[in-house]
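Colleague: I should like to go through this model with you and ask, term by term, on what grounds each description rests.
Modeller: Certainly; let us look at it together.

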Amino acid sequence: MELTGILHTHSSYSYDAKMSLAELRSFFIANGLQFACMTEHTDALSHEHAQDFFAECEKFSDDTFRFIP
C-alpha cells in the first residue's frame, strides 16, 4: 500500500500559519494527500489549547485522511 502525505506542516494552532485543520483537510484531500504530520509550535500552546488541538486532529481524521499530531 502506498500512502501520500506531508511530513511537516502547521495549522492555525501555530503562530505562523493561518489555515484551520478543517481547511487543511479539504486542501490536502483535494491534492491527493492521505495524511499530515502536524508540527505545531507548542511553546505558545497552553495545556488546554493543546488538548483542543489533539481532539480536533482526531475529529478531522478518518479512513480517507489522517492528522498525526
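**Reasons behind the terms**

Modeller: Let us begin with Thr 39, which is in contact with Leu 7, His 8, Thr 9, His 10 and Ser 14, its neighbours within four places in sequence being left aside. Please keep in mind that this is a predicted model.

Colleague: What makes Leu 7 a contact of Thr 39?
Modeller: A contact requires heavy atoms within 4.5 Å. Leu 7 is listed among the residues in contact with Thr 39, so the pair satisfies that limit.

Colleague: Where is Thr 39 found, and why is Thr 39 called partly exposed?
Modeller: Thr 39 is found in the loop between strand 2 (35-38) and helix 2. Its relative accessibility is 24%. Buried means under 20% and exposed means over 50%, so a value in between is called partly exposed. Thr 39 therefore counts as partly exposed.

Colleague: How far apart are the C-alpha atoms of Thr 39 and Tyr 13?
Modeller: They are separated by 9.9 Å, with the two positions 26 residues apart along the chain, counted as their distance in sequence.

Colleague: Why is Thr 9 called buried?
Modeller: Thr 9 has a relative accessibility of 12%. The cut-off for buried is under 20%, so Thr 9 counts as buried. Thr 9 belongs to strand 1 (residues 5-9). Beyond its neighbours within four places in sequence, Thr 9 is in contact with Phe 28, Ala 36, Cys 37, Met 38, Thr 39 and Glu 40.

Colleague: Where does Glu 40 lie, and what makes Glu 40 buried?
Modeller: Glu 40 lies in the loop between strand 2 and helix 2. Its relative accessible area is 10%, and buried means under 20%, so the term applies to Glu 40. The C-alpha atoms of Glu 40 and Thr 9 are 7.4 Å apart, although the two residues are 31 residues apart along the chain. Residues touched by Glu 40 include Ser 11, Tyr 13 and Phe 53.

Colleague: Is His 10 buried or exposed, and how do you know?
Modeller: His 10 has 15% relative accessibility, and the limit for buried is under 20%, so His 10 is buried. His 10 lies in the loop between strand 1 and helix 1. Among its contacts are Asp 16, Leu 24 and His 41. The C-alpha atoms of His 10 and His 47 are 18 Å apart, with the residues 37 positions apart in sequence.

Colleague: Why is Leu 21 called buried?
Modeller: Leu 21 has a relative accessibility of 1%, and buried means under 20%, so Leu 21 counts as buried. The place of Leu 21 is in helix 1. Not counting residues up to four places away in sequence, Leu 21 touches residues including Met 38, Phe 53, Phe 60 and Phe 67.

Colleague: Why is the pair Arg 25 and Asp 62 called a salt bridge?
Modeller: Side chains of opposite charge can pair when their charged atoms come close. The rule asks for a side-chain nitrogen of Lys or Arg within 4 Å of a carboxyl oxygen of Asp or Glu. The closest N and O atoms of Arg 25 and Asp 62 are 2.9 Å apart, so the pair meets the rule. This pair links distant parts of the chain: Arg 25 is in helix 1 (residues 21-30), and Asp 62 is in the loop between helix 2 (47-59) and strand 3 (66-68). Arg 25 is buried at 17% relative accessible area, whereas Asp 62 is partly exposed at 34%.

Colleague: How many salt bridges does the rule give?
Modeller: The count comes to 2. Arg 66 and Glu 58 also form one, at 3.5 Å from N to O, and the limit is 4 Å, so the term holds for them. Arg 66 is partly exposed, at 33%.

Colleague: Which elements make up the chain, and why is the chain called as compact as a globular protein of its length?
Modeller: The protein chain has 2 helices and 3 strands, in the order β-α-β-α-β from the N terminus. Its radius of gyration is 12 Å, close to the 11 Å that the globule rule gives for 69 residues, so the description is justified. Of the 69 residues, 35% count as buried.

Note on methods:
Residues are numbered from 1 along each chain as its sequence is written. This is a predicted model: local features need pLDDT of at least 70, side-chain atom pairs count only at pLDDT 80 or more; totals for chains, interfaces and linings use all residues. Side-chain values use heavy atoms; hydrogens and water are left out. Helices (H or I, at least four residues) and strands (E, at least two) are DSSP runs, numbered from the N terminus. The radius of gyration is taken over C-alpha atoms; the globule rule is 2.2 Å times the number of residues to the power 0.38. Buried means under 20% relative accessible area, exposed over 50%, partly exposed in between (1.4 Å probe, protein chains only).
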